[in-house]
Amino acid sequence: MRTICFYFQVHQPFRLKPYRFFDIGEDHHYWDDYLNRNVIRKVAQKCYLPMNSLLLELIHKYNGKFKVAFSLSGTFLDQMEAYAPEVLESFQKLVATGHVELLNETYTHALAALKSKEEFTSLVKKHQDRIKELFNGYTPKVFRNTELIYSDQIGAMVAELGYEAVLTEGAKHILGWKSPNYVYSNAIEPKLKVLLKNFLLSDDIAFRFSNKTWADYPLTTDKFINWINAIPKEEQVVNLFMDYETFGEHQWAETGIFEFMRYLPEAVLNHSSFTFSTPSEVAAAVPAVSKIHVPVPISWADEERDLTAWLGNDLQDEAFDRLYEMEKSVKQIDDPEIQRDWGYLQTSDHFYYMCTKFFSDGSVHEYFSPYDTPYDAFINYMNVLSDFMLRVKQKTEEMKP
């Protein structure tokens with residue numbers, strides 16, 4: 001079996017509105033509804049609707065031989081319901097074909113796996129329930145943690161929750177001489193398959209496609225097929241993992257990205273020995289060649305493929321620690337607005353905006369941030385968190401006999 005596994009991450013955070021120090025204790029609505037709606041509507045027109053339409057066309061054209069997988073964050077699903085129900089309907093049509101797999105993740109795209117097993121489990125189960133509710137009882141078999149963050153211990157938690165496989169980054173410092181084009185298993189729970197992203201081929205599409213200074217520009221289907229045909233015969237799986245917004249948003253339609261995807265299935269099926277498979281199909285059909293040891297968490301981000309995009313500087317660590325100090329108190333409060341805000345404040349994007357890396361990856365962080373500086377992101381978040389802490393304290397006092 002030689003197969004290509006496409007997985008697309010679909011996520012939009014609830015962005016915070018500008019929240020001043022003087023708003024603390026006065027204004028309990030934190031979310032920039034206008035900005036969030038505008039972003040969703042813009043990306044829906046540029047990416048979600050045209051790309052979903054194209055994928056549906058390709059699935060029908062190739063009678064199910066073309067397959068993909070999605071991980072749809074809960075914050076994305078919530079915003080689709082509120083701002084773009086036609087997008088949600090288009091995803092439902094894709095899943096109904098039987099050739100699109102949905103993955104599970106933490107509901108609010110949170111970093112909880114790094115801090116609290118209890119909260120991590122709660123968010124995973126909430127996401128599972130939401131997928132089942134919106135997609136006709138669908139139950140995911142494969143897990144993808146926020147930002148592809150993975151370690152041996154996180155994998156063990158995923159296995160404990162009953163998943164067959166987990167997706168993560170094919171980080172060079174973990175693989176060494178090994179190839180990402182094999183199936184591996186978790187070092188603690190070998191029954192859990194580990195699928196590793198081929199970041200070179202994935203990033204050729206996601207990041208380099210429109211880069212005219214790239215030595216291999218322009219990327220054509222013929223060129224891509226030559227590259228995968230050159231992969232050694234014994235390497236069975238090419239995992240192409242990327243943000244869905246690659247199509248039409250990060251790489252505009254004018255770059256030819258949609259046409260590339262339109263003709264790629266035909267080129268793969270007719271001019272290579274590869275097929276297309278979903279993650280659960282790969283996990284079921286391909287045996288693990290060995291355990292993969294990941295003692296320290298890895299992610300997809302930046303050159304280091306570590307956690308420093310979200311945690312590690314003083315701003316991020318302060319915000320992260322203050323947030324999770326409230327976990328025990330929040331768990332005891334039966335208030336839907338408190339629970340909603342608690343979840344949305346955990347979204348990894350808030351910490352990404354606080355990243356102070358200004359070297360090779362600094363411009364990438366700036367592109368995704370609505371703030372002028374990481375310090376602005378920190379101050380705004382901490383103002384909101386201060387108000388949230390007051391609300392939690394008040395609710396806790398009210399519960400005392």
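In what order do the five strands of the open sheet run? Colour by secondary structure and you can read it off: E4-E5-E7-E6-E10, with mixed pairing. Keep in mind as you click around that this is a predicted model.

**Stop 1: the sheet**

Start at the rims. Select 142-144 for strand E4 and 291-292 for strand E10; these are the edge strands, each pairing on one side only. Then move inward to strand E5 (residues 165-169) and strand E7 (residues 193-197), which run parallel to each other and share five bridges. For a landmark in that pairing, label Val166 and its bridge partner in E7, Val194.

Now add residues 152-160. That's helix H5, which packs on the sheet and touches E4, E5, E6 (183-186) and E10. Compare directions and you'll find about 85° between H5 and E6.

**Stop 2: two crossing helices**

Next, show helix H1 (residues 33-61) together with helix H2 (residues 74-83). Their axes come within 10 Å and cross at roughly 90°, so H1 and H2 count as roughly perpendicular. Turn on side chains to see who makes the contact: from H1 it's Asp33, Asn36, Arg37, Ile40, Arg41 and Tyr48, and from H2 it's Phe76, Gln79, Met80 and Tyr83.

**Stop 3: the rings**

Time for aromatics: there are 33 aromatic pairs in the structure. Pick Phe8 and Phe70. Their ring centres are 5.7 Å apart with the planes at 45°, so this pair is tilted. Phe8 belongs to strand E1 (residues 3-10) and Phe70 to strand E2 (residues 68-72), so to speak two distant parts of the chain, 62 residues apart. Both Phe8 and Phe70 are buried.

Stay on Phe70 and add Tyr244. Here the centres sit 4.9 Å apart and the planes make 85°, so the pair is edge-to-face. Tyr244 comes from the loop between strand E8 (237-243) and helix H9 (257-271), so this pair ties together parts 174 residues apart in sequence. Phe70 and Tyr244 are both buried as well.

To see the wider network, select Phe6, Phe8, Tyr48, Phe66, Phe70, Phe76, Phe91, Tyr244, Phe247 and Phe276: ring pairs link them into a cluster. Two of these names should ring a bell, since Tyr48 of H1 and Phe76 of H2 also take part in the helix contact.

**Stop 4: charges over rings**

Finish with two cation–ring placements. Zoom to Tyr107 and you'll find Lys126 over its face, 4.5 Å from the ring centre. Then jump to Phe199, where the charged end of Arg305 sits over the ring, 4.4 Å from its centre.

Conventions: Residues numbered from 1 in each chain as written. Predicted model: local features only at pLDDT ≥ 70, side-chain atom pairs only at ≥ 80, totals over all residues. Heavy atoms only, no water. Phe/Tyr/Trp six-rings, centres within 6.5 Å; stacked < 30°, edge-to-face > 60°. Helix = DSSP H or I, 4+ residues; strand = E, 2+ residues; numbered from the N terminus. Buried < 20%, exposed > 50% of the residue type's maximum accessible area, 1.4 Å probe, protein only. Lys NZ or Arg CZ within 6 Å of the ring centre and 35° of its normal. Pairing = 2+ DSSP bridges. Contact = heavy atoms within 4.5 Å. Axes fitted to C-alpha atoms, helices over the stretch in contact; angles between N-to-C directions. Parallel < 35°, antiparallel > 145°, perpendicular 65-115°, else oblique.
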